[in-house]
Amino acid sequence: MEEKWWMRSVVYQIYPRSFCDSNQDGVGDLNGIRSKIPYLKKLGIDVIWLSPVYESPNADNGYDISNYYAISPEFGTMEEMKSLIRECRESGIRIVMDLVVNHTSDEHAWFLEAKKSEDSPYRDYYIWRKGEAGSPPNDLRACFGGSAWEYSEETGAHYLHLFGVKQPDLNWENDAVRKEIWNMMNYWIDLGIGGFRMDVIDLIGKVPDQGITGNGPMLHTYLQEMNRETFGTKDLLTVGECWGADPEKGRMYSDPARRELSMIFQFEQSMLDEQPGKEKWDLRPLQLRELKQVFTRWQTEMEGHGWNSLFWNNHDLPRIVSRWGDDGVYRVASAKMLATLLHGMKGTPYIYQGEEIGMTNMPFHSFTEFQDIESLNMIQERLEKGYLPEEIMKSLRAKSRDNARTPMQWNSGLQAGFTEGQPWCPVNPNYREINAARALGDQDSIFYYYQKLINLRKTEDILIYGSYELLLPEDENIYAYMRAWQGKKWLIVCNFYKEPVPFSYEGTGRTILSNYKENSRTIQNLNNRNLRPYEAAIYELEM
Ligand code: GLC
Ligand code: CA
């Protein structure tokens, strides 16, 4: 495959509401982000994926947009947005904007017009079905619970919303809608952004009357049209969020020959700790062997026909160190192990704010502490269904999106240095121990370990081009794999758990990186070793 700049890049996701507050109103903002460019530069990332900063009534924290051409006043102004893009460029960092076009807010001008009358020129921008209140056209469910159809009195019809009732779905079959979206994307491209992260993009080809939501028949036709009409000739990074993708579908989006997207986010690994066929709240322990199978399938089946994204976290997922690492005694070791496992693979790594300092889930105690629409709807739904409050709480503590959205922990001062005001969401009480200032003052911190991993990706072609081969597929404790490129071989080995475990590889190697103090650069005998709790290392094999 032709080399692209984003193959060597590492992306850092910013959830602006929780990153850094510059004017003490308790909400993170664009000027706050601008003040942290040196921090991001130090970490070494080259791309920022910015979660939505557009005008929004915030029914879903910005994933409900009321104007794609305006910045939400709580985040700043369009002038500040342009300054952020320019200042990042000057530091070699590109900005990838969140593109939320499966739906708009119900307060978007299009929807306000559309719902007034069947004769509105905007009526067909959305998906309407005539019918009586209380009897929706079919039993499609919304991702945030309840029916996907909402009755609208003005015209006696239901509109489709695959997420919240304040997030009506756009009608992609309408040429005028697609044209509006291409124009809007081109507006942002002209401002000099580095690409788009496309929110729930696999839903745009839906056929609601047949119950088809993801992977609809027109999905790829629309994406090819988007590519032609907007970024196709622009050398941008485009990444689609695709909850319903397997590797075969992954190739359809990302095979360069098909001219669609650079890569997608797939979620097969994220669904391994839930009961199959049930909801994310229905917990089940992770089986390491299944994780290996999923990653390995994506690593091998995309080879030559597409490109992988690599991520543990985002604003919708619990913190990885709490989820599959250890957020107690082995927090630092396990965070580094998980980073090694992921950044050693082939693809473009994404880091979610706070991951680089090992931020953890929030110790929630009461239902009143949750703010996310998905959590609130789930509490109501499960209480009505008769679930015990303790069970609901257990699921929320493990999986609620609120975990990822607590303010970034900058220092041990008041409100973790996120704001001098009252934060929109409480700071995790562990901020005195876990914060960026402390990480920057400790050469052994998770931060500097990420910095090393990022730097390796810049300097070592084997990480970009090398083949991937899984070792010990049946082992239940160790994740080990080999990368190989032009006569060079790297062995990546991770003890996924806290119990020490024997490991043996016939050969010797030089340590490239390890989360335990090793004499780096010295030659290690890899035969008959004992891996310590959460031990991880990259070895260059002696050939
Ligand atoms: C995506 C976003 C999520 C949002 C949803 C609806 O999954 O990542 O935060 O709630 O789409 O826009
Ligand atoms: Ca602010």
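**Stop 1: a hairpin**

Select strands β7 and β8 and look at the hairpin they make: four residues lie between the two strands. In this hairpin, pick out G156, which takes a positive phi near 60°. Keep in mind as you go that you are viewing a predicted model.

Now show β7 as residues 149–152 and follow how it meets β8: the two strands run antiparallel and are joined by four bridges. For one example, click on Y151, whose bridge partner in β8 is H158.

Stay with β8, residues 157–160, and turn on its side chains. A157 and Y159 point one way, while H158 and L160 point the other way. Are these four buried or exposed? Each of A157, H158, Y159 and L160 is buried.

**Stop 2: the three-stranded sheet**

Next, add strand β6, residues 128–130, to your selection. β6 is antiparallel to β8, and three bridges join them. Click on W128 and you will find that its bridge partner in β8 is Y159. Then click on R129, which has H158 as its bridge partner in β8. H158 is a good residue to pause on, since it is also the β8 partner of Y151.

With the three strands on screen, what is their order? They form an open sheet in the order β6-β8-β7, with antiparallel pairing. The edge strands are β6 and β7, and each of them pairs on one side only. If you look at how neighbouring strands of this sheet are turned against each other, the average angle is 30°, direction ignored.

**Stop 3: the eight-stranded sheet**

Hide that sheet and bring up another one. This open sheet has eight strands, in the order β11-β10-β9-β5-β2-β1-β13-β12, and the pairing is parallel. Select β11 (263–266) and β12 (309–310): they stand at the edges with a single partner strand each, so one side of each has no neighbour in the sheet.

Now go to strand β2, residues 47–50, and show its side chains. Both faces are covered: V47 and W49 lie on one side, I48 and L50 on the other, and all are buried.

β2 has β1 on one hand. Strand β1 (residues 11–14) runs parallel to β2, and four bridges join the two. Click on Y12 to see it standing opposite I48 in β2. Then look at β5, which also pairs with β2 in the parallel sense, over four bridges. Which residue of β5 is the bridge partner of I48? The partner is I95.

Carry on from β5 (residues 94–99) to β9 (residues 195–198): these strands run parallel too, with four bridges between them. Here you can select M97 and find its bridge partner F196 in β9.

**Stop 4: one threonine**

Staying in the eight-stranded sheet, select T348, which sits in strand β13 (residues 348–352). T348 counts as buried because its relative accessibility is 0%. What does the side chain of T348 reach? It reaches the backbone oxygen of W6, at 2.7 Å. Try displaying other residues around T348: leaving aside neighbours within four places in sequence, its contacts include M7, S9, V11, M263 and W307.

**Stop 5: a calcium ion**

Now find ligand 2, the calcium ion, and show the residues that coordinate it. D21, N23, D25, V27 and D29 do so at 2.2 to 2.3 Å. V27 takes part through its backbone atom O, while N23 uses OD1. Along the chain, the donors follow the spacing D-x1-N-x1-D-x1-V-x1-D.

Compare two of these residues in a surface view. D25 counts as partly exposed because its relative accessibility is 40%. V27 is buried, with a relative accessible area of 8%.

**Stop 6: a helix to finish**

Last, select helix α11, residues 373–384. Its twelve residues reach 17 Å from the first C-alpha to the last, close to the 16 Å expected at 1.5 Å a residue. Colour its buried residues, among them I373, E374, M378, I379 and R382. As you trace that pattern, remember that an α-helix has 3.6 residues a turn, so residues three or four places apart point the same way.

Which helix helps to cover the buried residues of α11? Show α12 (389–399), which is included in that cover. Finally, step along the chain after α11 to G386, whose phi is positive, near 95°.

Notes:
Residues numbered from 1 in each chain as written. Chains lettered and ligands numbered in written order. Predicted model: local features only at pLDDT ≥ 70, side-chain atom pairs only at ≥ 80, totals over all residues. Heavy atoms only, no water. Buried < 20%, exposed > 50% of the residue type's maximum accessible area, 1.4 Å probe, protein only. Pairing = 2+ DSSP bridges. Polar contact = N/O pair within 3.5 Å; in protein donor to acceptor, adjacent residues only side chain to side chain. Contact = heavy atoms within 4.5 Å. Axes fitted to C-alpha atoms, helices over the stretch in contact; angles between N-to-C directions. Expected span 1.5 Å × (residues − 1). Donors = N, O, S within 2.8 Å, 3.2 Å for Na, K, Ca; no water.
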